Structure formats: C-alpha cells, structure tokens
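Work through the exercises below with the sequence and the model open. Each task is followed by a solution in steps.

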Amino acid sequence: MRKKSTWRLVCALLLLIASAVVILCMIGTEQKQGLFFWVAVTLLATGALWTIGEGVLLHRNFWGYISEMNSTLADTAAQVPEQMPIPTAILSEGKELLWYNSSFRRLIAGDTDCRGRNIQHIIPLDFRKLLEKGFCDLALPGHAYRVSISEHMKDGTKTSLLCFQDISAMVELRNRYFNAKLCVIHVMVDNYDDLFSGARQSERASLMAELENLIDRFFQQYHCITCPLSDDHFMVLIEAQYFRTIQNEKFPILDAARKILVSGKTPLTLSIGAGYDGESFAQNELYARQSLDMAMGRGGDQAAVKTLSGFDFFGGVSKAVEHRSKTRYRYVAKALQEIIQSNDKVIVMGHRYTDLDAVGAAVGVAFIAQEQGRPAYVAINAEATLAAPLVKRLQKECPDLLMTPDEAVEACDDHTVVVIVDTVNKELVESKELYQKAKQVVVIDHHRKMANCIDDMLLLLHDPLASSAAELVTEMLAYLELHKDLPGLYAESLLAGIMLDTKNFVMQTGVHTFEAAALLRECGADPIVVKTLFSATMSAYRQRSRMVVDAELHGRCAITVARDECQDIQIIASQTADELLGIEGVDASFVIYPNRGASCISARSLGKMNVQVIMEQLGGGGHQTMAAAQRKDCSPTELRTKLIGVLDAMAAAEQAIGSAAAEEPSTKG
C-alpha cells in the first residue's frame, strides 16, 4: 500500500506539471480561448487536487508506519535479550541478580532459578579484577568465559550488566600451545672425576651404564628426548605438560640416583637444572644452564628450576662429598692478582652485620692487594658488627685499613676493584651503593647460592663445600708468591673466621680446612689470642643460659624463643644454637629472637638435617649446617608456629617417600 500511494503521488505531480507546462505554452498564442486550453486548465486543477489529496494520505500513512515500527521494535527489544545466545545478567548494587536471560540460566546457573541471589554465591567471580580491568576470565566445568561489565546509573540506582563470552576454544588452543612448549633439562653427575678416581674401568663402565639406563627409563615415560653431552652430562628435551608432572613429583630421579653406590659405599648424586616458561626454546636452554650452575653452587644433589619469576629448588638432602681442584684455586689466585695489578686500589666488604669470617676474609684479601703494591681498604660498619673485638683491634693496630661504607662509596672510582667476601647475595652486602657503583666486582664465598645472586662479577671463587670464606682466602694465599710474611694480626683474623664457621673445627671441616689452619699457624696465628675474640660478657652468658633452659624438643629439633631483645642478641643466639646441638637426640637447633623490629631465627645442624632448605621456606637461607631467616611480618611466637609447620610438612614428606620406597619392591613383584 505504501508503494502504491507513492506512485499515485508521483503520477499526480506529473499530471500537474504537464498541464501547467501546456497552459504556459498556450498563454501567448491564439489558442488560449479554445477547447484544448480549458481541458488543460481542468487537468491542472485535477492534478492539483490529486496532489493535495495524495500528500494528505501519505502524511497519514507515514505516522502510521512510524507507530507500527515503534511497536515492532519494542516487541523485538523485549524478546531479543531473552533469546540471545550470549549469557547476560543484570545485577543490583549489592550484586543480587535482578534479571538474566535463558542462556545465563542454562549455561551459568545450572538451569535453576536464582533471581535475588548474590551472583558470587553461584559462580566464583573476581569482582575486584572485573571492576579494575572491565573484564575477567571465568572457568566453569566444561567451559571458559570472558566476563565483561558495564555499569549504569538512573535515578540514584546503580545496576550492572554482565555479558559472558564463551572463550573455551581459545583457552583450549592456548593450553595446547603451552603444554607443547619445549623445556630443557640439564643433568650432571656430581663430583664425576673424584667419584671414579679410584674405581676400576669395568666398575666405572658398569655404574655409568646403570646411570644411563636410569635416565633413559625415567624420562622415556614422559616421551622425552635424551641427549648425552659427555660421560657425566645429559640434556633432556621435554614438553611442558610432562615437565610439570616431574616438578610436582619433586624430581624422584634424585632419590633413584642416590641408590647407585660407587665402590659399594658412596652414593651417586645428580645436579639438575631446568629451564621452563621462557619466551623461546633458546631462552629455556639458557635458563637450564643457569639453573644447573645454581644447583651445583648449592652443593649438588638437587634440582633448580628457573622461570620468569625466579628459582625453585628441589632435593638437597644429602651431604656432599668434599672435593677440591687445586688448579682452580691457583687459577683464581693468579687472576685476582692480575686484576689488582691493573687497577689503582682495592676495597673489600662482607655482608651486613659482619662476623669474624667476613672480617677475616676481607683482611686476607686486603693483604693480597697490599702485596701487589696497591692501597687496600675494608668497608665495614663498626657500629653494626658481630666481630666487635676484632674490629676494635684492627682500628687500633691498622687504623688506615678500615673505612665506613659511606667513605668507601666516595673513594670508589672506575679504577677500583670491589671484592665481596662471605656472601654471594646482592641484597646482603655491607653497602649496596658501593656494589652498584663498582665497575669491577670479585666475589669470594662459601655459602650455597640463592636467588638474587651477584651475576655481573669479573671473577668468582665459590665453593659451598669449604668451611668458610677465610679458608678460601687462605688457600689462595698458598698459591701466591708473597714478598713478605703474613702479619700475625691478619693470620689470627683468618683463623678466627675458620674457627667461627667450623665451631672450633667440628662442623663442615675437611682436609683443606686443617691445611689452611696449619698454614696460618705457621704465619704466627696464636690460638689463645684468637680464643679471646670469642669471649662473652657475664650478662650475655646468663642470657644464653636462659635460652638453653627454655628450649623445647620437637622431634629431633631443639627450639627456643628469646624472652626479650638485648645487646649482642645475634651473637648470643648463634652461640645458643651451637650449644643446643650438644644435647642428646638433637639433630638441629633453632633459636628465635627479636632484633630491631624483626623476628629472626638462627639455625644449626649436625649435617643430618639441611637447615638451609628449612630457612629458605621461611624467607631465609644459608648453608646446609648453618642458616638463618628474618621476618618482619610476624612476632617471634608466630614465627615459631610457622617453623613447626615447616618441620611437620618436611617430616610428612620424608615419611611419604619412605613409605613409597618400602612399597616399591612389592609393587614390582
């Protein structure tokens, strides 16, 4: 009807125009009074009336069409949201469901009526993230959705519109991509040369065949590619989905390798480094090599995994066998000598709250620099040190040797070598400003590596099997051609450092430890004078006695909490931890104490328990037999509770491993 009305209007206009043209043409002629003229006038009048009538009719039809269209759109608008395939819901300001469509009820609400209920009681929706970004991802059984939100305000009432976009196909594709990414694992036999140095060729071949069989059998079940790089080094290519399984099982190959005995008594241990979650295969391979260095730097018999967020460690339960390469020490000593000779001065520093080992090692390095004719200084905060008797003696007898950290930062320039001793952690150095300013850094340390290691160094001497940093420096002195004898004060400083970390030659001692002590004794170190550096005041002795009396046994661990903070509490705590190891049935001791607004733990063990692993779970670190942790987010009592939780978890894990090992023969049978 609308098309016919339009055509009639067009015809009326054409008639009107045609008759008007004819009349205009006839006005100036003699025919204007004839019959044809009046016919044209009649047609003009008819066309005018017709045009007016059609215009009126079209106007009426137009508003009728508008009204019909509005009615149709209103009906459609009411029906479309309800029938939309995208789940949609409207929430009140209190997150209650005001309205939802059929797709929401079927796919999200589980086909149940949930009007008036809080949406977070139906689905686990993260509203904080949703409001911050405008969208968030939601995982439901069988489906994944991207939820978007738009808020509306009307008459003071706020409502929110939620739309659920199904992204299940995209999530599945993404998971397939990440599961299929190649990860790299490097596996290396610890102490390979030393381990087989006395073994017969046939025994070596038999043991290596057993190891290769173990590696092939273990990794084949995960569809890996194993590539031998040398007799003691293997590289494994594995998909991420299988690597996560090995990681969740905490690398059981470490325990399996430990059952292989060399000469019937020494267990074969592995160091494993894995690269995971890198942006490319090449980056994962780089991560794997860095992880292997980290695992070996922590003493071996463990796995280290590097991701974009840092390192994770697994294993590390056995005590490593001491091995020492004299060639390596000779090389490092000569290299350090050359570095010192090519620069103007040397500044040495240890860790914060320096102890006798850090000060002794620093003094030894300063002597090496002085031997090369270069001025050397030890940067130390004399107000915050655990080696106050030694520092006071150095200030008296060698006043030009020590300087404050601020003075050291000022004195450091492009031709200064900064030597860091007794720590490899950039967060624990005496002066971070000095470390950041230094262009050339040398590190000498014996602690097991952790995250935040110094990585931009010129030279590194790192041996976690050495008793102390003082022992490492003393070994280097043995390979240098000295123009003058080591002064007695310097020798006593180094000997004090060794005695501190070995607990008077009881803990973490090897052949090289006694060789270093003998060398220092030859240089004039007096053990009686060194003993005076460990003397304590009467008040400190009473405090230590109270902490020993308050100690409680938890399994084979002795735990005590200091009642209050006092002067030299760090020294007292470490001495208390050492003393608690003398109690029958105690494998490890933990002393918890307040210090400068933080709660601290001093941990010691006899070697059967790795206190480094325990302290790392509490945010600390250290060595297998000597470690510590510091927390500012809890009180000493709360820290004790956290420690007991870690000890219980480790005991449960060891019990589970033992049960699995006991059931293994019957399972195979």
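**Exercise 1: Salt bridges**

Asp 137 counts as partly exposed, because its relative accessibility is 38%; buried means under 20% relative accessible area, exposed over 50%, and partly exposed in between (1.4 Å probe, protein chains only). This is a predicted model, in which local features need pLDDT of at least 70 and side-chain atom pairs count only at pLDDT 80 or more, while totals for chains, interfaces and linings use all residues. Residues are numbered from 1 along each chain as its sequence is written, and side-chain values use heavy atoms, with hydrogens and water left out.

Task: find which residue forms a salt bridge with Asp 137, then examine two other pairs.

Solution.

Step 1. The partner of Asp 137 is Arg 146, and their closest N and O atoms are 2.8 Å apart. A salt bridge is a side-chain nitrogen of Lys or Arg within 4 Å of a carboxyl oxygen of Asp or Glu. Arg 146 is partly exposed, because its relative accessibility is 28%.

Step 2. Glu 492 and Arg 393 also meet through their side chains in a salt bridge, at 2.8 Å from N to O. Glu 492 belongs to helix 17 (residues 488–502) and Arg 393 to helix 13 (residues 388–397), so this pair ties together parts that are 99 residues apart in sequence. Helices (H or I, at least four residues) and strands (E, at least two) are DSSP runs, numbered from the N terminus. Glu 492 is buried at 6% relative accessibility, while Arg 393 is partly exposed at 23%.

Step 3. In the pair of Glu 132 and Arg 128, the closest N and O atoms are 3.3 Å apart. Both residues lie in helix 4 (residues 127–133), and because they are four residues apart they are separated by about one helical turn. Glu 132 and Arg 128 are both exposed.

Step 4. The structure holds 18 salt bridges. Asp 255, Arg 258 and Asp 301 are linked in a network of them.

**Exercise 2: A sheet of six strands**

Task: state in what order the strands of the open six-stranded sheet are arranged, and which helix packs on it.

Solution.

Step 1. The order is 7-8-6-11-12-13, and the pairing is mixed. Two strands pair if DSSP finds at least two bridges between them.

Step 2. Strand 7 (225–230) and strand 13 (310–315) are the edges, each pairing on one side only. From one strand to the next, the twist averages 20 degrees.

Step 3. Strand 7 runs antiparallel to strand 8 (residues 233–239), and five bridges join them. Cys 227 has Met 235 in strand 8 as its bridge partner.

Step 4. Helix 8 (residues 240–248) packs on this sheet and touches strand 6 (182–189), strand 8, strand 11 (270–275), strand 12 (302–307) and strand 13. Contact means heavy atoms within 4.5 Å. The direction of helix 8 makes about 115 degrees with that of strand 8; axes are lines fitted to C-alpha atoms, for helices over the stretch in contact, and angles run from 0 to 180 degrees between N-to-C directions.

**Exercise 3: Two partners of one residue**

Task: find which residue stands opposite Ala 628 in the pairing of strand 23 with strand 25, and which in the pairing of strand 24 with strand 25.

Solution.

Step 1. Strand 23 (residues 598–605) pairs with strand 25 (residues 626–631) in the antiparallel sense over six bridges. Here Ser 602 stands opposite Ala 628.

Step 2. Strand 24 (residues 621–622) and strand 25 are also antiparallel, with two bridges. Here Gly 621 stands opposite Ala 628. A hairpin of three residues joins strand 24 to strand 25.

**Exercise 4: One loop residue**

Task: decide whether Thr 354 is buried or exposed, and list what Thr 354 touches.

Solution.

Step 1. Thr 354 is in the loop between strand 14 (345–349) and helix 12 (356–371).

Step 2. Thr 354 is buried, because its relative accessible area is 3%.

Step 3. Not counting residues up to four places away in sequence, Thr 354 touches Val 359, Ile 380, Ala 384, Thr 385, Leu 386, Ala 387 and Glu 430.
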